[in-house]
Amino acid sequence: MNAKVNRLRIITQILNAQVIANQEQLTQALRLQGIEVTQATLSRDLRDLRAEKKVMDDGRQKYVIPPDPVVEQKVLGIDSNLAKMSIRSIEFNGVLAVVKTRPGFANAVAYDIDTRGDEVVLGTITGDDTILVIPREGISREEMEHFLNADR
């Protein structure tokens, strides 16, 4: 994997996991990952990812990467259909879902779940072939099942 694609994937993971309001905060988060980047490079990366600022409920702003098949497939190398085909099973414990994937595919599937499920999914935690899917407050098991099984 080339350095730019790796950096874009790491930026995507950071923006999906943290509230990042400006490029300085993102630069610091990248440094913690061992990545040094100039402001110009970071600006180009955010443009390539089509990142935009979103106002959260509490009034703070954060960078988000809207779902975009072109970005996902060409820039990040993620194909939503491939991600869905990589799911082996989905099991529930209450409203929490555990998704089993083919080995090595959990990150791509979790990215797909996170980007499609903004209204349903609070977040995901991944391993190599396992994903814990945590629903937003008030989401029922049935709603979660419907969301995870959509287009499968």
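This is a short tour of one sheet, the helices lying across it, and a pair of helices, in a model that is predicted.

Begin by selecting the four strands of the open sheet, whose order is β3-β4-β6-β5 and whose pairing is antiparallel. At the edges you will find β3 (87-93) and β5 (121-126), and because each has a single partner strand, one side of each is left without a neighbour in the sheet. If you look along the sheet, neighbouring strands are turned by 20° against each other on average, with direction ignored.

Next, keep β3 on display and add β4, residues 96-101; the two strands run antiparallel and are joined by six bridges. Two places on this pair are worth labelling: I90 stands opposite V99 in β4, and N93 stands opposite L96 in β4. Between the strands there are two residues, so to speak the turn of the hairpin that β3 and β4 form. Select G94 in that turn and check its backbone, where phi is positive at about 70°.

Stay with β4 and show its side chains, which alternate along the strand. Which of them are buried? A97, V99 and T101 point to one face and are buried, whereas L96, V98 and K100 point to the other face and are not. V99, which you have already seen opposite I90, thus belongs with the buried set.

Now move to the other partner of β4 by selecting β6, residues 130-135. Four bridges join β4 to β6, and these strands too run antiparallel. To find one such position, label K100, whose bridge partner in β6 is T130.

With the sheet still shown, add the helices that lie across it. Helix α6, residues 106-116, lies across β3, β4, β5 and β6, and runs at about 175° to β5. Helix α7, residues 141-149, also lies across β3, β4, β5 and β6, but the angle to look for here is the one with β3, again about 175°.

Finally, leave the sheet and select helix α2 (residues 23-32) together with helix α3 (residues 39-48), whose axes come within 11 Å and cross at roughly 100°. That crossing makes α2 roughly perpendicular to α3. To see how the two helices meet, show Q23, L26, T27 and L30 on α2, and Q39, L42, S43 and L46 on α3, which make the contact. Coloured by residue class, the residues of this contact divide into four nonpolar and four polar, with no charged residue among them.

How values were computed. Residues numbered from 1 in each chain as written. Predicted model: local features only at pLDDT ≥ 70, side-chain atom pairs only at ≥ 80, totals over all residues. Heavy atoms only, no water. Pairing = 2+ DSSP bridges. Axes fitted to C-alpha atoms, helices over the stretch in contact; angles between N-to-C directions. Contact = heavy atoms within 4.5 Å. Parallel < 35°, antiparallel > 145°, perpendicular 65-115°, else oblique. Nonpolar A, V, L, I, M, F, W, Y, C, P; charged D, E, K, R; others polar. Buried < 20%, exposed > 50% of the residue type's maximum accessible area, 1.4 Å probe, protein only.
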